[in-house]
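Please look at the model below before reading my points. They cover a pocket, the nonpolar cores and one serine.

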Amino acid sequence: MLGPRQVGKTTAIFQTLKKCPLPTHYATADDLVGNPQNWILEQWQVAKTLGTHGILVLDEIQKIPNWSETIKKLWDDQNRLTKKHLSLFLLGSSSFNLQQGLTESLTGRFEVVRFYHWNFNESKKLYPFTLQDYYKYGGYPGSYTLLKDPARWKSYLREAIIETVIGKDILSQRSVRNPILFRQAFEILCAYPAQEISYHKLLGQLQERGNVELIKHYIELYKYAFLLTELPKFSNKVHLKKASSPKILPLSPALVTYHYRDIDPGRLFEMAVGLELLRLPGELSYWREGNQEVDYILKTDHHLYAIEVKSGHKKGTKGLQFFCKQFPKARPIILSEDLFPHLSAKGLTFLKEME
């Protein structure tokens, strides 16, 4: 179970297990005392005493060095040597070691359940959000009850999210030459929600000399920590995708508002649309040719959607028309604020309905 911090992974597993009649053992590496190398084995042995079909849940598993090799050995030995079969849930909020372990050691032995920042449809069920509220504060449900106290809200974002993720999930696991510069880079990136910007321009705003590979590396680290991502330019040619300037998408509106209060609302809306589209199956990108552009291109197994966001800073649909002339099979969609709640609630079903 992979996803950002503070979005409900542990709560979800507890709610699920509460309805499950099978015996369960839960342990989190946050409570680790002693030798981390023996921790997984100790939890496994406890779970084996539960009976023939027990459930073992290991939370924050990425904090255990070489966790995947240990899990692989225990899992394969179980299937080969005993009739007692454990069901295993692994939870993590940092995907560096998780992704590496899954692809290198546990291939063919797992199913990934992905968690996302809370979208508008989920958020308004918990808190009386307007659409404009969501553009500014959405993403982390634990912060919603603090919105009437801006100082506490900001403190929560800083201590429970930003500092914890950067300090514990990134800097403690990956070597970064200049941590201060690394933190500055995140603040700079949050200033460009849903905007196409060159790596050279981003690098030029850092207070240290470097090269484009430095800013690419920083973006990759923040991506794997579920803080932001980048979208490539749409092209059928791989080398053009790699050479294009990225469109920056912080993965929660709250991360932008934490740093900047005067971001164009149109940009925040465009970012919110992008975050909804990221949840959908397929490849998400943007498109530009000269002065013509389309905000988002979603390529699924069977369809190509060209999506123009109708917001305050956008005028006309010439780019959408131009794109559809070049790609006649593309399905054009103009998305306004009135339609956004339907996208948030229905996802890909909504896009199909708009065809």
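How do the residues of the lining of the second largest pocket divide into nonpolar, polar and charged?

1. They divide into 16 nonpolar, one polar and two charged. Here Ala, Val, Leu, Ile, Met, Phe, Trp, Tyr, Cys and Pro count as nonpolar, Asp, Glu, Lys and Arg as charged, and the others, Gly among them, as polar.

2. This is a predicted model: local features need pLDDT of at least 70, side-chain atom pairs count only at pLDDT 80 or more, and totals for chains, interfaces and linings use all residues. Residues are numbered from 1 along each chain as its sequence is written, and side-chain values use heavy atoms, with hydrogens and water left out.

3. The largest nonpolar core (buried Ala, Val, Leu, Ile, Met, Phe, Trp, Tyr and Cys residues joined through side-chain atoms within 4.5 Å; buried means under 20% relative accessible area, with a 1.4 Å probe and protein chains only) has 84 residues. Tyr296 and Leu351 have the most contacts inside this core. The element that gives the most to this core is α7, with nine residues. Another core, of 20 residues, lies apart from it and includes Trp44 and Trp67.

4. Ser143 sits in the loop between α6 (131-137) and α7 (150-171); helices are DSSP runs of H or I, at least four residues, numbered from the N terminus. Ser143 has a relative accessible area of 0%, so it is buried. Leaving aside neighbours within four places in sequence, Ser143 is in contact (heavy atoms within 4.5 Å) with Tyr137, Trp153, Tyr156 and Leu157.

Conventions
Helices (H or I, at least four residues) and strands (E, at least two) are DSSP runs, numbered from the N terminus. Buried means under 20% relative accessible area, exposed over 50%, partly exposed in between (1.4 Å probe, protein chains only).
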